[in-house]
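This briefing goes through the strands first, then the helices that pack beside them. Please keep the coordinates open while reading.

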Amino acid sequence: MIQERKKELTAYVQGLEKAELHIHIEGAAPADVWSKIAKRNGLPSPNQDVALAQRTVSSRDLAGFLGSYTRLTRMLLTELDFYDLMYSYFLSANQQNIGHVEVFFDTQSYRNFGLDPEMVIKGLGRALDEWCQKLGMTGSLILCFLRNLPVDQAYMDLELAQNYKQWIVAVGLAAHETGHPPTLFAPVYQKARNLGFKTVAHAGEDGPPEYVWSVLNDLEVDRIDHGGASIQDPKLVAEIARRKIPLTMCPISNVRMGVVQSLELHPFRRLMQAGVRVTINSDNPAYFGSLIDNYVDTALALDLGQDELSAIARTSIEASFKQ
Ligand code: ES4
Ligand code: ZN
């Protein structure tokens with residue numbers, strides 16, 4: 001019975017035109033892509049690191065996940081490696097009938113290990129141009145600052161991003177929230193806005209509602225990534241709804257990272273009912289399931305019907321930065 005319903009929902013979601021707005025490029029690469037890259041770079045097999053990342057997922061350990069995730073990024077050395085990550089994600093997105101993607105990346109992880117940040121941008125951007133054209137899709141990049149690293153580096157990144165506006169539409173803020181409040185980044189966000197970039201930030205994933213208030217009021221973001229902790233503060237929920245700020249939620253990620261107990265307890269539906277513009281995304285599809293898995297599992301757990309799924313897909317397109 002449940003299998004039957006799942007099949008029906010999967011076919012329905014497959015048919016919906018969707019945008020994916022919350023996906024980290026390194027978390028989209030499955031084990032075989034990491035193996036190919038490691039082999040090409042003459043590095044030892046990445047299988048242990050991939051397995052370790054997967055273990056952190058079953059133990060609901062966000063800090064552990066981000067640690068093994070960062071270890072995997074050490075395999076990336078050339079422009080072609082970044083191209084391959086993007087191209088492999090594009091094939092998967094296309095198979096899921098995702099017409100538009102906005103992809104998170106950062107340069108700090110690479111810059112700090114001696115790689116040329118422009119090479120990172122070019123590898124991702126060239127793949128974006130080529131595969132958007134080949135597959136009839138649209139897409140752009142979102143440059144994430146890492147909130148646990150010095151703000152000076154964010155300014156350096158922003159300087160660089162100005163030369164790649166054909167690809168980079170927005171700046172974002174990622175990594176572990178706990179102990180890293182958003183306020184430090186207010187001046188660099190203001191500068192980004194003045195330069196014509198859209199802005200988004202992760203908040204309310206493992207961080208408290210105060211961090212969500214802060215990205216609204218101090219960073220003045222156009223969208224909030226996750227935002228689940230808002231449910232603890234009714235005034236905050238009302239304000240997000242009033243300002244029509246979309247949330248890019250990632251339900252399976254939140255359960256696997258232990259910030260929500262179960263999909264059944266996920267605030268997605270309650271936020272939707274409070275009038276918040278909510279979207280469904282995969283975050284790191286190699287570990288948390290595809291975009292379609294996220295739609296279907298969320299629908300089953302929270303009893304969302306086809307009309308609601310269709311409205312969520314429509315919101316994802318309306319909340320995108322596509323011109
Ligand atoms: C992330 Cl799950 C998660 N949370 C915060 N930042 C991230 N970057 C990649 N995955
Ligand atoms: Zn994320």
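The points below describe a predicted model, grouped by topic.

The core element is an open sheet of eight strands with parallel pairing. Two helices, α16 and α9, are described with the strands they contact.

**Sheet**
- The strand order is β1-β2-β3-β4-β5-β6-β7-β8.
- β1 (18-20) and β8 (278-280) are the edge strands; each has a single partner strand, so one side of each has no neighbour in the sheet.
- From one strand to the next, the twist averages 25°.

**Pairing of β6 and β7**
- Strand β6 covers residues 223-226 and strand β7 covers residues 247-249; they pair in the parallel sense over two bridges.
- D225 has T248 in β7 as its bridge partner.

**Helix α16**
- Residues 306-318 form helix α16, which lies across β1, β2 (98-105) and β8.
- Relative to β8, helix α16 runs at about 100°.
- Of the strands crossed by α16, β1 and β8 stand at the edges of the sheet.

**Helix α9**
- Helix α9 spans residues 186-194, and its buried residues are V188, Y189 and A192.
- Viewed down the axis of α9, these buried residues fall within an arc of 100°, so they line one face of the helix.
- The cover over the buried residues of α9 includes helix α8 (151-161) and the strands β4 (168-174) and β5 (198-203).
- G196, just after α9, has a positive phi of about 95°.

Methods: Residues numbered from 1 in each chain as written. Chains lettered and ligands numbered in written order. Predicted model: local features only at pLDDT ≥ 70, side-chain atom pairs only at ≥ 80, totals over all residues. Pairing = 2+ DSSP bridges. Helix = DSSP H or I, 4+ residues; strand = E, 2+ residues; numbered from the N terminus. Axes fitted to C-alpha atoms, helices over the stretch in contact; angles between N-to-C directions. Contact = placed C-beta atoms within 7 Å. Buried ≥ 20, exposed ≤ 12 C-beta atoms within 10 Å, placed from the backbone. Arc of directions from axis to C-beta.
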